[in-house]
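Open the model in a viewer and keep the sequence at hand. The stops below can be selected one after another.

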Amino acid sequence: IYDTQIFNAGDIASYKSLIDVTAGTVFLPAAGQVVVRYRIDNETSYTTIFTNTTDNSISRTAITGLPKFYKEIQFRIESTGGAEITELSFNEEIIGRKYDTA
């Protein structure tokens, strides 16, 4: 299990939208499995993005079912069955900022 740092695109005040997430591996063995999860804004539990069990695959990308309104995000990658993770990448966009008018 690997927990990433918390990402905020250098701007904690702006809301973001996750566009895609990719996990790369060495050729996934028959018993291998990679699970990618996220939590936003310091939630206490992680939500599964995808599980990759495809034999001999070297990556999997998710583009649907991703969070669309958060300030910070953290990922957790879980590997079992000899799966060897080589990278995690993601793209997000800043969608706006909520200003305090008080």
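A residue is called exposed when its relative accessible area is over 50%, buried when the area is under 20%, and partly exposed in between. By that cut-off Phe69 is exposed, because its relative accessible area is 55%. The model on the screen is a predicted one.

**The whole chain**

Begin with the full chain, coloured by secondary structure. The protein chain has seven strands and zero helices. Read from the N terminus, its elements run β-β-β-β-β-β-β. Along the principal axes, the C-alpha atoms fill a box of roughly 60 × 25 × 20 Å. The protein chain has 102 residues, of which 36% count as buried.

**Tyr15 and Phe69**

How many aromatic pairs does the structure hold? There are four. Select Tyr15 and Phe69 for one of them: the ring centres are 4.1 Å apart and the planes stand at 5°, so this pair is stacked. Tyr15 belongs to strand 2 (residues 14–25), while Phe69 sits in the loop between strand 5 (59–62) and strand 6 (73–80), so the pair ties together parts 54 residues apart in sequence. Show the surface and compare the two partners. Tyr15 is buried, at a relative accessible area of 13%, whereas Phe69 is exposed, at 55%.

**Phe75 and Phe90**

Next, select Phe75 and Phe90. Their ring centres lie 4.9 Å apart with the planes at 45°, so the pair is tilted. Phe75 is in strand 6 and Phe90 in strand 7 (residues 85–97), and the pair links distant parts of the chain, 15 residues apart. Phe75 has a relative accessibility of 0% and counts as buried. Phe90 is partly exposed, with a relative accessible area of 21%. Add Phe7 to the selection: Phe7, Phe75 and Phe90 form one aromatic cluster.

**The salt bridges**

Turn now to the charged side chains. Side chains of opposite charge can pair when their charged atoms come close. The structure holds two salt bridges.

Select Asp3 and Arg76 for one of them; the closest N and O atoms are 2.6 Å apart. Asp3 lies in strand 1 (residues 2–3) and Arg76 in strand 6, so this salt bridge ties together parts 73 residues apart in sequence. Asp3 counts as partly exposed at 33% relative accessibility, and Arg76 counts as partly exposed at 22%.

Then select Glu78 and Arg37, which form a salt bridge with the closest N and O atoms 2.9 Å apart. Glu78 is in strand 6 and Arg37 in strand 3 (residues 33–40), so here the parts tied together are 41 residues apart in sequence. Is Glu78 buried or exposed? At 18% relative accessibility, Glu78 counts as buried. Arg37, at 22%, counts as partly exposed.

**Lys16**

Go to Lys16, in strand 2. Which side chain of opposite charge is nearest to Lys16? The nearest is that of Asp11, 5.4 Å away; Lys16 is buried yet has no salt bridge. A salt bridge needs the side-chain nitrogen within 4 Å of a carboxyl oxygen. Show the backbone of Lys71 as well: the side chain of Lys16 reaches the backbone oxygen of Lys71 at 2.8 Å.

**The nonpolar patch**

Switch to a surface view and select Val26, Phe27 and Ile58. These residues make a nonpolar surface patch of about 300 Å². Ile58 is located in the loop between strand 4 (47–52) and strand 5.

**Three loop residues**

Select Leu66, in the loop between strand 5 and strand 6. Leu66 is buried, with a relative accessible area of 7%. Draw a distance from the C-alpha atom of Leu66 to that of Ala13: the separation is 20 Å, and the two residues are 53 apart along the chain.

Move on to Ala9, in the loop between strand 1 and strand 2. Ala9 is not a glycine, yet has a positive phi of about 60°. At 46% relative accessibility, Ala9 counts as partly exposed.

End at Asn56, in the loop between strand 4 and strand 5. Asn56 is not a glycine either and has a positive phi of about 65°. Its relative accessible area is 55%, so Asn56 is exposed.

Technical notes:
Residues numbered from 1 in each chain as written. Predicted model: local features only at pLDDT ≥ 70, side-chain atom pairs only at ≥ 80, totals over all residues. Heavy atoms only, no water. Phe/Tyr/Trp six-rings, centres within 6.5 Å; stacked < 30°, edge-to-face > 60°. Helix = DSSP H or I, 4+ residues; strand = E, 2+ residues; numbered from the N terminus. Buried < 20%, exposed > 50% of the residue type's maximum accessible area, 1.4 Å probe, protein only. Patch = residues over 30% accessible without salt bridge, like charges linked within 9 Å, V, L, I, M, F, W, Y side chains within 5 Å. Areas by Shrake-Rupley, 256 points an atom, 1.4 Å probe, with all protein chains shown as cover. Lys, Arg positive; Asp, Glu negative; His and termini not counted. Polar contact = N/O pair within 3.5 Å; in protein donor to acceptor, adjacent residues only side chain to side chain.
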